[in-house]
Amino acid sequence: MCQSKSHGHGQAHGHHHHGHDHHHGPESTRREALRRIGKAGLVLAAAGSPWGSPVRAIADDQHPVGVGPASDRLFDLKRVAEGIYAAIARPTAMLNCNAAVVVNKDHVLVVDTHSKPSAARALIQQIRAEVTELPVRYVVDSHLHGDHAMGNEAYPEAFGPSVETISSVKTREWLEKLGLPRLRASLEPLPRQIADFRARLEASTDESRRAVLKAQIEGLEAYLKEMTPPRVTLPTMTFERRLVLHRGGREVHLMFLGRAHTAGDVVAYIPSERTIATGDLMHGLLPYMGDGFPDEWPATLRALEALDFDRVIPGHGAVQEGKSVLAEFRGYVEEVNEKVADGVERGRPLDELQKSVTPGTLRSLADAGARRRLERELGALFTLEKPEDQVVDGVAGNVREVFTYYTERKGQAELPTR
């Protein structure tokens with residue numbers, strides 16, 4: 001069952017953006033994921049996918065790189081600015097997001113809680129060992145996706161019921177509506193996947209391959225055990241447009257800038273340190289667009305771009321200096337949206353659009369340096385030998401997601417029904 005304290009509200013500023021779009025649900029995404037795993041042996045789990053997903057599957061003709069042995073140290077803590085750290089997620093069997101750690105005079109604020117409570121507990125241990133023993137008082141859910149919000153329960157367990165978990169109004173609504181159904185949907189195929197990995201393990205004599213398979217099996221079994229029975233811990237405080245925390249010696253601005261990756265993306269902006277944590281509103285990889293609003297996303301990114309910051313802690317991938325990656329990301333979202341919207345208006349079918357909208361035809365992916373950066377980020381997060389294949393697969397997935405938006409979701413009720 002959903003667990004929640006009383007639903008508090010932060011002070012709202014400005015007008016909340018109301019829209020009317022319908023979420024297509026996780027089923028088609030899961031079917032497509034399984035199809036792609038069977039066809040290419042790659043995992044799906046593009047950053048920001050709707051729920052926790054295995055980092056990779058292994059094709060019979062593919063030499064594995066692997067997720068490495070299980071470790072309590074799930075993150076690399078990097079100092080970004082005075083009192084601000086990026087917890088960069090290491091590759092694991094279940095995808096985790098990055099976190100931002102903001103150390104104030106008497107407390108800590110953390111943005112995002114990963115795919116499961118044990119991952120959040122691991123980060124808490126690292127913060128205590130590597131950064132500070134100050135208590136965490138505020139936790140921010142940047143959006144509802146399972147790789148960002150399923151560790152919420154760890155913070156009140158560790159620091160007491162006074163911990164406030166903060167989100168936008170829409171994120172709490174979506175998480176309350178979709179949290180348990182999506183978590184159950186993520187758990188349902190795991191026994192079959194584990195059995196498949198075991199069969200591959202028994203059939204393989206390649207020791208490096210066997211090590212990867214063992215790590216995958218251990219990670220999936222641990223996730224299944226930990227998340228059964230399914231439960232979701234909801235935010236305890238919500239806001240509409242902006243909530244400014246004036247505690248601990250400096251301001252932290254929590255901002256909803258508009259619909260984009262979801263209906264409720266929040267960024268955490270620390271003006272004094274010119275640093276921002278963006279969740280999956282933007283990051284260094286290809287986006288997941290299945291819950292998104294591709295026609296509104298570019299304008300939201302322009303609002304983000306107008307803020308005065310030098311450093312970005314993204315939801316996935318490396319810390320970014322400046323706004324160049326943001327501009328690349330915005331250009332990609334704009335271009336895919338425009339091409340697919342035009343194709344839908346002209347009556348072109350999905351398979352035809354997926355053949356014509358590819359990495360090779362997108363101006364936003366034409367720059368060699370940007371393409372190498374993207375492939376490097378994907379290779380590091382998913383430990384892939386051929387990240388260029390993931391780029392091809394990711395673009396095809398984005399085309400499908402935007403096509404679904406225009407043919408099924410746009411103009412329907414905003415709150416998803418499943």
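# A guided tour: rings, helix pairs and unusual backbone

Searching the whole structure turns up four aromatic pairs. Keep in mind as you go that this is a predicted model. We will begin with the rings, move on to two helix pairs, and finish with some backbone spots worth a click.

**Stop 1: the rings of Y155 and F159**

Select Y155 and F159 and show their side chains. How are these two rings arranged, stacked or edge-to-face? They are stacked, with 6.5 Å from centre to centre and 20 degrees between the planes. Colour helix α4, residues 154-159, and you will see that both Y155 and F159 belong to it. They sit four residues apart, about one turn of the helix. Switch on a surface if you like: Y155 is buried, and F159 is buried too.

**Stop 2: a ring pair across the chain**

Now select F293 and Y405. This aromatic pair is edge-to-face, with the centres 6.3 Å apart and 80 degrees between the planes. The pair ties together distant parts of the chain, since 112 residues separate its two members. F293 is in the loop between β14 (275-279) and α8 (297-305), while Y405 is in helix α12 (residues 387-409). Are these two residues buried or exposed? F293 has 0% relative accessibility, so it counts as buried. Y405 is buried as well, because its relative accessible area is 0%. Add Y406 to the selection, and you have a cluster of F293, Y405 and Y406 linked by ring pairs.

**Stop 3: α8 against α9**

From F293, follow the chain on into α8, then bring up helix α9, residues 324-345. The two helices pack at an angle of about 165 degrees, and their axes are 9 Å apart. An angle over 145 degrees counts as roughly antiparallel, so that is the description for α8 and α9. Their crossing is left-handed. To display the contact, select W297, P298, L301, R302, L304 and E305 on the α8 side, then L326, A327, F329, R330, V333 and E334 on the α9 side. Colouring by residue class gives eight nonpolar, no polar and four charged residues in this contact.

**Stop 4: α6 against α7**

For another helix pair, select α6 (residues 190-203) and α7 (residues 207-226). Here the packing angle is about 160 degrees, with the axes 9 Å apart. That value makes α6 roughly antiparallel to α7. The crossing of α6 and α7 is left-handed. Which residues meet here? From α6 come L190, P191, Q193, I194, F197, R198, R200 and L201. From α7 come R209, R210, L213, K214, Q216, I217, L220, E221, Y223 and L224. By class, the contact of α6 with α7 holds 10 nonpolar, two polar and six charged residues.

**Stop 5: a cis peptide bond**

Move past the end of α7 and centre on T228 and P229. Most residues other than glycine have a negative phi, and most peptide bonds are trans. The bond from T228 to P229 is cis, with omega near 0 degrees. P229 lies in the loop between α7 and β9 (232-233).

**Stop 6: positive phi at D112 and H114**

Next, go to the loop between β6 (108-111) and α2, where D112 sits. Its phi is near 80 degrees, a positive value in a residue other than glycine. D112 has 2% relative accessibility and therefore counts as buried. H114 is in the loop between β6 and α2 too. Although H114 is not a glycine, its phi is positive, at about 80 degrees. With 0% relative accessibility, H114 also counts as buried.

**Stop 7: P135 and its contacts**

Select P135, in the loop between α2 (117-130) and β7 (136-140). At 23% relative accessibility, P135 counts as partly exposed. Leaving aside residues up to four places away in sequence, what does P135 touch? Its contacts are D106, H107, V108 and F159, and F159 takes you back to the stacked pair of the opening stop. Draw a distance from P135 to V103 as well: their C-alpha atoms are 9.5 Å apart, for 32 residues along the chain.

**Stop 8: D351 and R400**

Finish in helix α10, residues 350-356, where you will find D351. D351 is partly exposed, with a relative accessible area of 46%. Draw one last C-alpha to C-alpha distance, from D351 to R400: 8.7 Å in space, for residues that are 49 apart in sequence.

Note on methods:
Residues are numbered from 1 along each chain as its sequence is written. This is a predicted model: local features need pLDDT of at least 70, side-chain atom pairs count only at pLDDT 80 or more; totals for chains, interfaces and linings use all residues. Side-chain values use heavy atoms; hydrogens and water are left out. Axes are lines fitted to C-alpha atoms, for helices over the stretch in contact, and angles run from 0 to 180 degrees between N-to-C directions. Angles under 35 degrees count as roughly parallel, over 145 as roughly antiparallel, 65 to 115 as roughly perpendicular and the rest as oblique. A crossing is left-handed if the near helix is turned anticlockwise from the far one by less than a right angle, and right-handed if clockwise. Contact means heavy atoms within 4.5 Å. Ala, Val, Leu, Ile, Met, Phe, Trp, Tyr, Cys and Pro count as nonpolar, Asp, Glu, Lys and Arg as charged, and the others, Gly among them, as polar. Rings of Phe, Tyr and Trp (its six-membered ring) pair if their centres lie within 6.5 Å; planes under 30 degrees apart count as stacked, over 60 as edge-to-face and the rest as tilted. Buried means under 20% relative accessible area, exposed over 50%, partly exposed in between (1.4 Å probe, protein chains only).
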